Amino acid sequence: MEIADLAKLNTLVLWAAFAVALVFGFIAQRTHFCTMGAISDIVNMGDWTRMRMWGMAVGIAMIGFYGMAWVGWIDPAQSIYTGPRVIWLSAVVGGALFGFGMVLASGCGSKTLVRIGAGSLKSLVVFFVMGIAAFATLRGVTAVLRVNTVDTVSFNMASGSALPAWLATVMGSAPAVTGLLFALVVGGALVVWALLGRDFRTGNNLLAGFGLGLVVTAMWWVSGRLGFVAEHPETLDAVFLGSNTGRMDALTFTAPMAYTLDWLIFFSDTSKVLTFGVVTVVGMVVGAFVCAVLEGSFRWEGFRSTQDTALHMAGAVCMGVGGVTALGCTVGQGMSGLSTLSLTSIIAVTGIVLGAIGGFRFQIWLLDRE
């Protein structure tokens, strides 16, 4: 492959990632998909309908991810979520901080982008604050704190942190077959559980479950199959085009918000090029905007009070710091990460749920004070 061909392929990968993220944003806006909302429905009303959306989407993504691995399209070991080092304390602490923050900010990172597309100026403020906090946790003052504290606590899994790879090592079985079977059992159970809910079987709910699960799968294909070059013409190394991490990327929105701000601020710097993370952030907003305009739900929205502003900004900081610390958000760890059946992702999602429950209790305490 020549350099010119590589550049064309890179452009194709970025357009494909943008298109897939646009579909995610459109579906999320159309179906009111929201992980924070799903947890809130359970805690406050005992309603599991939106959680079934999430469960089905994760189940479909698991089957899709390991189905592609089985046919040899992608290598699960190339994902950032499946590395051998399990930073369990970072996952717990970062996840809890993110979960608490998303309650204060009225939604996670993906919901923030969807709301921006639907006209929320509140979410635009959350985006900027969250992006700055995420950048500081990637390379700034909170990055130093993160690296010297929670990141030092970990353990290694020789086969990688993906549970199917560990099971294949223990059983002495083929990793591709073990992965597919594991995904069919776990992912299939999630899909069946979702469909068993009588109130769940509506058009929007099925669109969110099946549609977003396929979107996550498609993004793995774009990065791991379409964007994979086995031998770069200059370095002769294997590369994933457009990747922010240097590995196979998927949908996630905390660090990409930081990358987007970095790209916007240093746009004239030729070393700052468009990447997977940046185009997916833009795609989410555009998709939600298109849906909001078509369905007539686009509305400008601002803060109600000083307290409302302060809570959203505090929540944004928590999400920016927590999302980077946990290596992902409700989409990054909660959907993309769980689709790999990574132990780290399972721990991070547990932390997010616990943090969200703490956030709801904090809100109740505030209401009681008023």
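**Figure 1. Helix α9 gives the most to the nonpolar surface patch, with three residues.** In this predicted model, the patch covers about 680 Å² and is made by W70, V71, W73, V177, L181, L184 and W221. Of these residues, L181 has its place in helix α9.

**Figure 2. The buried residues of helix α8 (residues 163-171) are L163, P164 and A168.** Viewed down the axis of α8, these buried residues fall within an arc of 135 degrees, so they line one face of the helix. They pack against three helices: α3 (49-70), α9 (175-195) and α15 (343-369).

**Figure 3. T169 and V170 are exposed on the other side of α8.** The positions shown lie opposite the packed residues L163, P164 and A168, which are buried. Just after α8, G172 adopts a positive phi of about 70 degrees.

**Figure 4. The protein as a whole contains 15 helices and four strands.** Its radius of gyration is 20 Å, close to the 21 Å that the globule rule gives for 370 residues, so the protein is as compact as a globular protein of that length. Along the principal axes, the C-alpha atoms fill a box of roughly 60 × 50 × 45 Å. Of the 370 residues, 53% are buried. Among contacts with a separation of 6 or more, 81% are between residues 24 or more positions apart. The exposed area of the protein is about 16000 Å², and carbon and sulfur atoms supply 68% of it.

Conventions: Residues numbered from 1 in each chain as written. Predicted model: local features only at pLDDT ≥ 70, side-chain atom pairs only at ≥ 80, totals over all residues. Heavy atoms only, no water. Buried < 20%, exposed > 50% of the residue type's maximum accessible area, 1.4 Å probe, protein only. Helix = DSSP H or I, 4+ residues; strand = E, 2+ residues; numbered from the N terminus. Arc of directions from axis to C-beta. Contact = heavy atoms within 4.5 Å. Patch = residues over 30% accessible without salt bridge, like charges linked within 9 Å, V, L, I, M, F, W, Y side chains within 5 Å. Areas by Shrake-Rupley, 256 points an atom, 1.4 Å probe, with all protein chains shown as cover. Salt bridge = Lys/Arg side-chain N within 4 Å of Asp/Glu carboxyl O. Rg over C-alpha atoms; globule rule 2.2 N^0.38 Å.
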